[in-house]
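Open your viewer, have the selection tool ready, and follow along stop by stop.

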Amino acid sequence: MNFHAVKAIYLFEMARTIRTLFQSVVSPVISTSLYFVVFGSAIGSRITEIDGISYGSFIVPGLIMLSILTQSVANASFGIYFPKYSGTIYELLSAPVSYFEIILGYVGAAATKSIILGLIILSTAGLFVPIQIAHPLWMLIFLVLTAVTFSLFGFIIGIWANSFEQLQIIPLLVVTPLVFLGGSFYSIDMLPPLWQKITLFNPVLYLVSGFRWSFYEIADVSVAWSLTMITVFLGVCMFTVWWIFKTGYQVKK
Amino acid sequence: MRTLISISDLSKTYSGGFQALKGINLDIRDGEILALLGPNGAGKTTLISIICGLINASTGSVTVDGYDIVDDYRMTRSKIGLVPQELTTDSFESVKDTLAFSRGLFGKKPDPGHIEKVLKDMSLWDKRDNKIMELSGGMKRRVLIAKALAHEPEILFLDEPTAGVDVELRKDMWHHINALRESGVTIILTTHYIEEAEEIADRVGVISHGKIIIVEEKTELMQKLGKKQLTLELQHELADVPDTLNAYKLELSDDGLRLIYTYDSQEERTGIAGLLSDLHDASIKFKDLHTTQSSLEDIFVTLVREGQ
């Protein structure tokens, strides 16, 4: 195991975050505050409690998931796409590092950033609404599993993308809609029966539901299903990354 | 001298069907500077990219110090430093940080002392805290070399290290390359500049259309293939070369004032004595004479033409 290489990649990626610390911390705090102003106060005050939880508190896990998913994908995809774009990937390919070590460095850094971000949003949310965390350990497990899985997904997008436009297209057209339609801001019980059925095909529903359960012990689907779905998605991403490096897809000629 | 890199029957066909390498066999010796010459698209970059792990070979094998580049990639890659042809550097990182990153990537524990030495050797110490994007093209080229040396490699691949570099910096590079060889690093460089190979290489390999045409000691190559020319400055203009001198295949300059005799310097009898005697018999007088030897460039052009 080339620990020095994993550390080098990890620190290189984290240094990028530190260079842009202001945007990295301030922008999610501002956007979270805006969500609470709009959904929590302006609209939320007209919405009744959901399963005994005020609407403002109800949306906190969904808001954190929204940021974790989008930031994990964005961080990891950019992290590997940029060396591809600039050509500096030559150094990575010529170094004595295994694929596992490369992924550990890039995905580890992207997931770390998202987790930190998630915790910042959680703290910010605590300034606006009362929050209780019924199962802190499960909350962390869901947070870490989601961050790692979607960082892996972002890594795949970064390898696949051949332009900045392609880099943006999956997060914009797939990830964000899935998050908004995955019960981040509502319980699926509020939807008509047909849409409830359709929503069950949205993988994000299982993440948000499991995460929300760790806070308030209320869930749209069972926790076991949530864990199963995220594990399946993690498995699919790991297999895809393994295949990418085995075949050299978009990396080696 | 022992063989450090051994390349056997190496071929590469890209997915589009282009065959970049056609059965390359080459042994690279420990401690030498080998210059790979060849026109654009000859396969030079493909060859070094395969050895360094950037491209997969279609067939054939390469060993570095006895280790296979695929099965024992950790061993082989940790011995190699690569300086790419393009100025592919990071932008926002500092010079010092990018070297520390390279060293870590190649599995070496941090060593600020070594990084300092490399930066000083490359005249980059003053710029160590500058962002790479703030540096000139020549400095970025030096950063790439410094990055390749950060993990103390035994072998250094330089893919056209002086492309687009001014004369002064080029000579500076040659000086650095020679100093590295003195420290025991084996160097393989690709170049378009014949004078570069002539100046610093121990051996020269010529690649054309994916094949190695020749690999020779530079001096032997020049001796073996180098033609010498004897030019005679005539006292009086000559209209035609007399028939009695046909055997020498002389060339007469357009103004009729110079006779040029081409001969093989390796031959025991160059024919110069006979020529001078026959010139005397034909009453052709000359006021001066000089000899020239063909340069590596002439040899290269001839080889590539023959290879086609």
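The tour below goes from domains to interface, then to salt bridges, cores, one loop residue and the cysteines.

**Before you start**

This is a predicted model, so keep its limits in mind: local features need pLDDT of at least 70 and side-chain atom pairs count only at pLDDT 80 or more, while totals for chains, interfaces and linings use all residues. Residues are numbered from 1 along each chain as its sequence is written, chains are lettered from A and ligands numbered from 1 in the order in which they are written, and side-chain values use heavy atoms, with hydrogens and water left out.

**Stop 1: the domains of chain B**

Colour chain B by domain: domain 1 covers 3-223 and domain 2 covers 226-307. These bounds come from an automatic or database domain assignment. Taken over C-alpha atoms, the centres of domain 1 and domain 2 of chain B are 42 Å apart.

**Stop 2: where chain B meets chain A**

Now show both chains and select the contact, meaning heavy atoms within 4.5 Å. You should pick up 29 residues from chain B and 23 residues from chain A. The size of an interface is often given as the accessible area lost when the parts come together. Here, about 2500 Å² is buried between chain B and chain A, with carbon and sulfur atoms giving 59%; buried area is the accessible area (1.4 Å probe) that two parts lose on being put together, summed over both.

Which three residues supply 25% of the area that chain B buries against chain A? Select B:R74, B:F101 and B:L105: they supply more than any other three residues.

**Stop 3: salt bridges across the interface**

Side chains of opposite charge can pair when their charged atoms come close. The rule used here for a salt bridge asks for a side-chain nitrogen of Lys or Arg within 4 Å of a carboxyl oxygen of Asp or Glu. It finds three across the interface of chain B and chain A, and 19 over all chains.

Keep B:R74 selected and add A:E101: their side chains form a salt bridge at 2.7 Å, N to O. Next pick B:E93 and A:R19, a salt bridge whose closest N and O atoms are 3.1 Å apart. B:E93 sits in the loop between β6 (80-83) and α3 (95-105) of chain B, and A:R19 in helix α1 (residues 3-19) of chain A. Helices (H or I, at least four residues) and strands (E, at least two) are DSSP runs, numbered from the N terminus.

Are these two partners buried or partly exposed? Buried means under 20% relative accessible area, exposed over 50%, and partly exposed in between (1.4 Å probe, protein chains only). B:E93 is therefore buried at 9%, whereas A:R19 is partly exposed at 36%.

**Stop 4: salt bridges within chain B**

Select B:R29 and B:E217, whose closest N and O atoms are 2.7 Å apart in a salt bridge. B:R29 is in strand β2 and B:E217 in strand β10 (residues 211-217) of chain B, so the pair ties together parts that are 188 residues apart in sequence. B:R29 is partly exposed at 28%, and B:E217 is partly exposed at 25%. While you are here, select B:R2, B:D30, B:D65, B:K79 and B:E154, which salt bridges with shared partners join into one network. Within it, B:D30 and B:R2 have their closest N and O atoms 3.2 Å apart.

**Stop 5: the nonpolar cores**

A nonpolar core is a set of buried Ala, Val, Leu, Ile, Met, Phe, Trp, Tyr and Cys residues joined through side-chain atoms within 4.5 Å. The largest has 146 residues, and A:F155, B:I5, B:I7 and B:F157 have the most contacts inside it. Helix α3 (residues 55-86) of chain A gives the most to this core, with twelve residues. Both domain 1 and domain 2 of chain B give residues to this core, so it lies between them.

Zoom in on A:F155: beyond four places in sequence, the residues it touches include A:I80, A:Y106, A:V241 and A:F245. Then move to a second, separate core of 13 residues, which includes B:L232, B:L234, B:L250 and B:Y263.

**Stop 6: one loop residue**

Select B:A57 in the loop between α1 (44-52) and β4 (59-64) of chain B. B:A57 is partly exposed, with a relative accessible area of 33%. Leaving aside neighbours within four places in sequence, B:A57 contacts B:L10, B:S11, B:K12 and B:I50.

**Last stop: the cysteines**

How many disulfides does the structure hold over all chains? The count is zero, a disulfide being a pair of cysteine sulfur atoms within 2.5 Å. Finish with two cysteines: A:C237 is buried at 2% relative accessibility, and B:C52 is buried at 1%.
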